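Student: Could you walk me through this protein, one question at a time?
Tutor: Gladly; let us look at the sequence and the structure together.

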Amino acid sequence: MSANRREPLWTCPKCGASLVTKNLWHSCGRATLEEWKARMGPRARVRFAGITSLSETGMTCGFALPHPLDSPRLAKVEEVAPRWWYHRLRITDINELDEEIQGWLRDSHRLMGMQERLQDGAG
């Protein structure tokens, strides 16, 4: 087998997404914010942060906030929905998980995961 040969992509039978391996985590389908909210119960909570890659050399992670952060530590910041800003960073040393990053993650959990941002009525 050639080292340059790529395995075929796996296709999710539910949504048709092409993924590098079977049953890789992903969100099936698309929905408007109204459709998404209609599927949630009153106590629903949302995913607010995650690790997108992990290796011996480090990890890439992302988290959401209702506002953008401005820091050279962030590899990417983009608004993916109104008041839903995605922040991506790369961690290559455990010491990088300092108080600043811990604070960002606490805020993300509180504001996005526990949905405190919705209590002000602005959505």
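**A guided tour**

Tutor: The protein has two helices and six strands, where helices (H or I, at least four residues) and strands (E, at least two) are DSSP runs numbered from the N terminus. This is a predicted model, in which local features need pLDDT of at least 70, side-chain atom pairs count only at pLDDT 80 or more, and totals for chains, interfaces and linings use all residues. Residues are numbered from 1 along each chain as its sequence is written, and side-chain values use heavy atoms, with hydrogens and water left out.

Student: Which pattern does the protein follow along the sequence?
Tutor: Helices and strands are written here as α and β. Read along the sequence, the pattern is β-β-α-β-β-β-β-α.

Student: What share of the residues counts as buried?
Tutor: Buried means under 20% relative accessible area, exposed means over 50%, and partly exposed lies in between (1.4 Å probe, protein chains only). Of the 123 residues of the protein, the buried share is 24%.

Student: How many bridges join β5 to β6?
Tutor: Two strands pair if DSSP finds at least two bridges between them. Strand β5 covers residues 74-81 and strand β6 covers residues 84-91, and the two run antiparallel. Ala81 stands opposite Trp84 in β6. The number of bridges joining β5 to β6 is six.

Student: Which residue in the hairpin of β5 and β6 takes a positive phi?
Tutor: This hairpin has two residues between the strands. The residue with a positive phi, near 60°, is Arg83.

Student: Which element gives the most to the largest nonpolar core?
Tutor: A nonpolar core is a set of buried Ala, Val, Leu, Ile, Met, Phe, Trp, Tyr and Cys residues joined through side-chain atoms within 4.5 Å. The largest one has 15 residues, and those with the most contacts inside it are Phe63, Leu69, Leu74, Leu89, Ile91 and Trp104. At least two residues of this core come from each of β4 (58-65), β6 and α2 (99-113). With five residues, the element that gives the most is β4.

Student: Why is the aromatic pair called stacked, and at what angle are its planes?
Tutor: Rings of Phe, Tyr and Trp (its six-membered ring) pair if their centres lie within 6.5 Å; planes under 30 degrees apart count as stacked, over 60 as edge-to-face and the rest as tilted. The structure holds one such pair. The rings of Phe63 and Trp104 have their centres 5.9 Å apart, and the pair is stacked because the planes are at 25°.

Student: How many residues apart in sequence are the parts that this pair ties together?
Tutor: Both Phe63 and Trp104 are buried. Phe63 lies in strand β4 and Trp104 in helix α2, so the pair ties together parts whose separation in residues is 41.

Student: Is Ser108 buried or exposed?
Tutor: Ser108 lies in helix α2. Its side chain reaches the backbone oxygen of Phe48 at 3.2 Å. Because the relative accessibility of Ser108 is 0%, this residue counts as buried.

Student: And Thr92, is that residue buried or exposed?
Tutor: Thr92 is in the loop between β6 and α2. Leaving out residues up to four places away in sequence, Thr92 touches Thr57 and Gly58, where contact means heavy atoms within 4.5 Å. Because its relative accessible area is 53%, Thr92 is exposed.

Technical notes
Polar contact = N/O pair within 3.5 Å; in protein donor to acceptor, adjacent residues only side chain to side chain.
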